[in-house]
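Please read the following with the sequence and the model side by side. The text starts from a single residue, moves on to the whole chain, and then follows the strands.

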Amino acid sequence: MPKLVVPLVAAMLFALPARAEPADRALIEDLVVANHILYAEGVVDGFGHVSARHDKDPSHFLLARSMAPALVTAEDILEFDLVGNAVDANGRALYFERFIHSAIYKARPDVKAIVHSHSPSVIPFGATAVALRPIYHMSAFLGGGAPVFEIRDAGGDGTDMLVRNPQLGEALAASLGGAAVALMRGHGDVVVADSLKLVVFRAIYTELNAKLEGEALLIGQGRVNFLTDKEAVAAAATNSPLVGRAWDLWKLKAMGGR
Ligand SMILES: [Zn+2]
């Protein structure tokens, strides 16, 4: 091999993120199921995505190639590093907003799964001064508050609203802080949890909470009796171990016999 080629090849190898040991097959299968459940439950449509942190390498995560969530199969799941580079894209198109996932996994070691969606009932709460708060026990995880990410603060006026680079991803992660949910003004939300099943549960109940809170604000003429902080903490602790029950039902509905 010519003298110059060796350092060149070595530099190329170091520039590419290395593929981790293969992820647990069950994790990949659950990630596929999560995509289908979120569609069946009206959280995502043709857009939106869900990811899981790699079980063997915490500096990598798993996310589908750019496609509608309801069509995702195990073959569509790619591996990414925490800068948002795909390890194994092989020319396949990537989600513009993969930086939502890379930046949050980097900032929050406790987070194992992330949903980004344009969850329709949530949109009014990102666009007004009305806070999204837990209206019932199923969404007690909102008790810690749901901060609003204002993309103009990070990207100025005139962005296309998408978190399409690492800098916007970091700004979103900073807005999220230690919360379970952050609203994205004029766009949607991001939901995090320490497992795939819990993040799907939270994404679904964030949508339902927003719908119910909107109705309660109307019939109560702005006066709503929300869960207190103590009630929210207690209810969230009760719900977390029970998410498997809901997951099994949602999976049956979304996947049928598959
Ligand atoms: Zn989006």
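Where in the chain is the place of Ile135? This is a predicted model, and in it Ile135 sits in the loop between helix H4 (123-127) and strand S5 (148-149). Setting aside the neighbours within four places in sequence, Ile135 is in contact with Asn209, Leu212, Glu213, Ala216, Val224, Phe226 and Leu227. A different pairing gives a sense of distance: Leu176 is 41 residues away from Ile135 along the chain, and the C-alpha atoms of these two residues are separated by 20 Å.

With that residue located, the chain as a whole can be described. It is built from nine helices and seven strands. Along the principal axes, its C-alpha atoms fill a box of roughly 80 × 50 × 30 Å. For 258 residues, a compact globule would have a radius of gyration near 18 Å, and the 19 Å of this chain agrees with that. Of the 258 residues, 47% count as buried. Among the contacts with a separation of 6 or more, 69% come from residues 24 or more positions apart.

The surface and the charges can be summarised in the same way. The accessible surface of the chain comes to about 12600 Å², and carbon and sulfur atoms hold 60% of it. There are 24 positive and 28 negative side chains, and the centres of the two sets lie 1 Å apart.

The strands come next, beginning with S1. Is strand S1, residues 49-53, enclosed or open to the outside? Five of its five residues are buried, so S1 is largely enclosed by the rest of the structure. The side chains divide between two directions: His49, Ser51 and Arg53 point one way from S1, while Val50 and Ala52 point the other way, and all of them are buried.

S1 has strand partners in S2 and S4. With strand S2 (residues 60-64), S1 pairs in the antiparallel sense over three bridges. Within this pairing, Arg53 has Phe61 of S2 as its bridge partner. The connection from S1 to S2 is a hairpin of six residues. With strand S4 (residues 113-117), S1 again pairs in the antiparallel sense, here over four bridges. In that pairing, Ser51 stands opposite Ile114, and His49 has His116 as its bridge partner in S4.

Strand S2 also holds Leu62. At a relative accessible area of 4%, Leu62 is buried, because buried means under 20%. Not counting residues up to four places away in sequence, Leu62 touches Val50, Ser51 and Ala52, among others. Its other contacts include Ala23, Leu27, Ile28 and Leu31, along with Ile77, Leu78 and Glu79. Ala113 is 51 residues from Leu62 along the chain, yet their C-alpha atoms are separated by 9.3 Å.

How many residues of S4 are buried? Five of its five are, and S4 is mostly covered. The cover extends to both faces: Ala113, Val115 and Ser117 lie on one side, Ile114 and His116 lie on the other, and all are buried. S4 also pairs with strand S7 (residues 188-193), the two running antiparallel and joined by five bridges. The partner of His116 in S7 is Val190, and since His116 is likewise the bridge partner of His49, the reader can follow a line from S1 through S4 to S7 at this residue.

Two loop residues remain, and both concern the backbone. Asn90 lies in the loop between strand S3 (77-81) and helix H3 (98-107). Its phi is near 50°, a positive value in a residue other than glycine. Asn90 has 71% relative accessibility and therefore counts as exposed, the cut-off being over 50%. Met161 lies in the loop between helix H5 (151-155) and helix H6 (166-176). Met161 is not a glycine either, and its phi is positive at about 80°.

Technical notes: Residues are numbered from 1 along each chain as its sequence is written. This is a predicted model: local features need pLDDT of at least 70, side-chain atom pairs count only at pLDDT 80 or more; totals for chains, interfaces and linings use all residues. Side-chain values use heavy atoms; hydrogens and water are left out. The radius of gyration is taken over C-alpha atoms; the globule rule is 2.2 Å times the number of residues to the power 0.38. Buried means under 20% relative accessible area, exposed over 50%, partly exposed in between (1.4 Å probe, protein chains only). Contact means heavy atoms within 4.5 Å. Accessible areas come from the Shrake-Rupley method with a 1.4 Å probe; for residues, only the protein chains shown count as cover. Lys and Arg count as positive and Asp and Glu as negative; His and the chain ends are not counted. The place of a charge is taken as NZ of Lys, CZ of Arg, CG of Asp or CD of Glu. Two strands pair if DSSP finds at least two bridges between them.
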